[in-house]
Amino acid sequence: MHAALARKGIRVDQGWVDAAARAGCTTEEQLFVQFLAHDLRKAATAATLPRPLGTTLGGAWVLQVEAVADVGEPAPRHAKTMKALLTDGVNDVGAVCQGWIDRLELGAKVFVKDAPVQRGVVLLRPDNCRVLDGLGHVKAEARAARAAAAAAPPAAAPAAPAAPRGAPAP
């Protein structure tokens with residue numbers, strides 16, 4: 001299950017995964033929900049963020065919001081600017097949210113993918129990040145499964161056996 005979390009950008013220690021399994025998490029979904037409720041500083045003991053950050057925080061990352069403040073104009077809502085302090089569990093990184101990101105609050109887990117970086121500050125926008133929650137994860141997994149099923153070629157239906165001559169049609 002540790003590898004499955006890592007593929008989703010969640011980087012936690014194997015010891016944390018083992019402890020969650022001992023506590024009753026038997027599926028990836030249960031482990032994910034446990035992760036969302038857990039403090040990332042206790043789940044990760046090794047730094048994962050690249051140092052220095054470069055011009056892009058490439059790939060998928062799940063970071064925790066340690067602090068957040070509204071630094072923009074009071075109105076309109078869609079033009080709100082937030083600054084945040086994010087952590088990978090060991091190292092902190094500053095972030096500025098350009099545009100409204102719903103449910104960005106203390107302790108939330110944020111999925112970040114290929115976010116630009118300027119002067120060591122990650123620039124978050126609605127197109128490169130989203131706040132994670134258990135329900136959204138379940139819905140996203142269901143949407144992905146439906147999309148994969150729709151993209152797969154239809155299976156050929158087995159041909160019905162031919163009725164013998166003179167037998168009534170079914």
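These are my notebook entries on a single chain, taken from a predicted model.

**Entry 1: confidence**

I started with pLDDT, since the coordinates come from a predictor. The chain averages 79, and 75% of the residues score at least 70. Where is confidence lowest, and where is it highest? Helix H5 (residues 134-151) sits at the bottom with a mean of 56, while S5 is at the top with 94. Where pLDDT is low, the predicted coordinates should not be read in detail. I left H5, with its mean of 56, out of the close reading.

**Entry 2: layout**

I counted elements next and got five helices and six strands. Reading from the N terminus, the order is α-α-α-α-β-β-β-β-β-β-α. The chain has 170 residues, and buried ones make up 31% of them. I also pulled the contacts with a separation of 6 or more: residues 24 or more positions apart account for 58% of these. The exposed surface comes to about 10,100 Å², with carbon and sulfur atoms supplying 58% of it.

**Entry 3: the helices at the start**

I looked at H2 (residues 14-22) and asked which of its residues are buried. They are Trp-16, Val-17 and Ala-20. Seen down the axis of H2, these fall within an arc of 100 degrees, so they line one face of the helix. The general rule I had in mind is that an α-helix has 3.6 residues a turn, so residues three or four places apart point the same way. I checked what covers the buried residues of H2, and the list includes helix H1 (2-7), H3 and H4. Just after H2, Gly-24 takes a positive phi of about 115 degrees.

H3 (residues 28-37) got the same treatment, and its buried residues are Leu-31, Phe-32, Phe-35 and Leu-36. Their arc around the axis is only 140 degrees, which puts them on the same side of H3.

**Entry 4: the cores**

How many residues does the largest nonpolar core have? I got 23, and the ones with the most contacts inside this core are Leu-57, Leu-86, Val-112, Val-122 and Leu-124. Each of the strands S1 (56-70), S2 (81-87), S3 (92-98), S4 (109-118), S5 (121-124) and S6 (129-131) supplies at least two residues of this core. Another core, of 18 residues, lies apart from it; Ile-10, Cys-25, Leu-36 and Ala-43 are among its members. Leu-36 had already turned up on the buried list of H3.

**Entry 5: strand pairing**

I went through the pairs one by one, noting a bridge or two for each.

- S1 and S4 are antiparallel, with seven bridges. Leu-57 stands opposite Ala-115 in S4, and Ala-60 has Lys-113 as its bridge partner there.
- S1 and S2 also run antiparallel, joined by six bridges. Val-65 has Leu-86 in S2 as its partner.
- S4 and S6 pair antiparallel over three bridges, and Phe-111 is matched with Arg-130 in S6.
- S4 and S5 run antiparallel with two bridges; Val-117 is matched with Val-122 in S5.

The hairpin of S4 and S5 has two residues between the strands, and in it Arg-119 takes a positive phi near 55 degrees.

**Entry 6: around Leu-57**

Leu-57 was worth a second look, as one of the residues with the most contacts inside the largest core. I skipped residues up to four places away in sequence and asked what Leu-57 touches. The list is Leu-49, Pro-50, Leu-63, Val-112, Lys-113, Asp-114, Ala-115, Val-117 and Val-122. Ala-115 is on this list and is also the residue opposite Leu-57 in S4. Val-112 and Val-122 are on the contact list too, and both are named among the residues with the most contacts in the core.

**Entry 7: Pro-50**

Following that contact list led me to Pro-50. Where is Pro-50 placed? I found this proline in the loop between helix H4 (40-43) and S1. Its relative accessible area is 32%, which makes Pro-50 partly exposed. Leaving aside neighbours within four places in sequence, Pro-50 is in contact with Leu-57 and Trp-61. I also took a C-alpha to C-alpha distance from Pro-50 to Asn-91: 9.7 Å in space, with their positions 41 residues apart in sequence numbering.

Technical notes: Residues numbered from 1 in each chain as written. Predicted model: local features only at pLDDT ≥ 70, side-chain atom pairs only at ≥ 80, totals over all residues. Heavy atoms only, no water. Buried < 20%, exposed > 50% of the residue type's maximum accessible area, 1.4 Å probe, protein only. Helix = DSSP H or I, 4+ residues; strand = E, 2+ residues; numbered from the N terminus. Arc of directions from axis to C-beta. Core = buried A, V, L, I, M, F, W, Y, C linked by side-chain atoms within 4.5 Å. Contact = heavy atoms within 4.5 Å. Areas by Shrake-Rupley, 256 points an atom, 1.4 Å probe, with all protein chains shown as cover. Pairing = 2+ DSSP bridges. pLDDT = per-residue confidence, 0-100.
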